[in-house]
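Visitor: I am new to this structure. Please pick out a single part, look at it closely, and then show me how the rest is arranged around it.

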Amino acid sequence: MNPTLLEILPLAHKGYCCSQILILLALTAQGRENPELVRAAMGLCHGMGGTGGACGIMTGGCLALGLYTGKGRDEETPFEQGDALVSDFVDWFSQRAQDDYGATTCAAILNDGKPDPIRCGGLMADAWNKMLELLVAYGLDPSEGRD
């Protein structure tokens, strides 16, 4: 079994959705907890409120990448290449979802509109691995968060 799936499946079993799981993976990699952020990520789940809209793996992935690149305080500056990094992730996800499912929406990815542990889990594992690859490629350490 894909080792990333071994991290994802227990979180899904606990009731977290795709976007929340990507946030939890990023926070865990950084050795942090942030229940407020995990709660907020719920708004991206299941195509944003069960509408079948943009996939929560894509939007949650962008949110998680923002943990590494975004501005969070007045005195901070965002990572200079943050937009390029997130854009590369969106390009990768869009191509992958287009090739496999015809679109980037939950409605297109899921046959019956319900999260599928196999389909969503595999895509989520690949997305997390791509996010790690991109962070390293842009010179960011996935285990280090912004202070």
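**A close look at one short helix**

Guide: Histidine 46 has a relative accessible area of 35%, so it counts as partly exposed (buried means under 20% relative accessible area, exposed over 50%, and partly exposed in between, using a 1.4 Å probe and protein chains only). This is a predicted model, in which local features need pLDDT of at least 70 and side-chain atom pairs count only at pLDDT 80 or more, while totals for chains, interfaces and linings use all residues. Residues are numbered from 1 along each chain as its sequence is written, and side-chain values use heavy atoms, with hydrogens and water left out.

Histidine 46 belongs to helix H4, which covers residues 45-48. Helices here are DSSP runs of H or I with at least four residues, strands are runs of E with at least two, and both are numbered from the N terminus. The phi angle of histidine 46 is near 55°, a positive value in a residue other than glycine. Most residues other than glycine have a negative phi. Methionine 48 is also in helix H4, and its phi is near 65°, again positive in a residue that is not glycine. With 39% relative accessibility, methionine 48 counts as partly exposed.

Confidence is the next point. The pLDDT is the predictor's confidence in each residue, from 0 to 100. Among the elements of the protein chain, H4 has the lowest mean pLDDT, 89, and helix H3 (residues 35-41) has the highest, 98. For the protein chain the mean is 94, and 99% of its residues reach 70 or more.

Helix H4 also holds one end of a disulfide, which is a pair of cysteine sulfur atoms within 2.5 Å. The partners are cysteine 17 and cysteine 45, and their sulfur atoms are 1.5 Å apart. Cysteine 45 lies in helix H4, whereas cysteine 17 lies in the loop between helix H1 (3-13) and helix H2 (18-29); the bond thus links distant parts of the chain, 28 residues apart. Both cysteine 17 and cysteine 45 are buried.

By the distance rule there is one disulfide. Why does cysteine 55 form no bond with cysteine 106? The sulfur of cysteine 106 is the closest cysteine sulfur to that of cysteine 55, but the gap is 4.7 Å, too far for a bond. Cysteine 55 has 4% relative accessibility and so counts as buried. For cysteine 62, the closest cysteine sulfur is in cysteine 55, and at 10 Å it is too far for a bond. Cysteine 62 has a relative accessible area of 21%, which makes it partly exposed.

Now the surroundings. The protein chain has eight helices and zero strands. Its radius of gyration is 14 Å, close to the 15 Å that the globule rule gives for 147 residues, so the chain is as compact as a globular protein of that length. That radius is taken over C-alpha atoms, and the rule is 2.2 Å times the number of residues to the power 0.38. Along its principal axes the C-alpha trace spans about 45 × 30 × 30 Å. Of the 147 residues, 41% count as buried.

Contact means heavy atoms within 4.5 Å. Among contacts with a separation of 6 or more, 68% are between residues 24 or more positions apart. One example starts in helix H1, where threonine 4 lies. Leaving out residues up to four places away in sequence, threonine 4 touches Ala125, Trp128 and Asn129. The side chains of threonine 4 and asparagine 129 are joined by a polar contact of 3.1 Å. A polar contact is a pair of N or O atoms within 3.5 Å; within protein, one must be able to donate a hydrogen and the other to accept it, and residues adjacent in sequence count only if both atoms are side-chain atoms. Threonine 4 is buried, at 6% relative accessible area.

Leucine 134 gives another example, in helix H8 (residues 117-137). With neighbours within four places in sequence set aside, leucine 134 is in contact with Leu85, Asp88 and Phe89. Leucine 134 is buried, at 7% relative accessibility. Phenylalanine 89 and phenylalanine 93 both lie in helix H6 (residues 82-101), four residues apart, about one turn of the helix, and both are buried.
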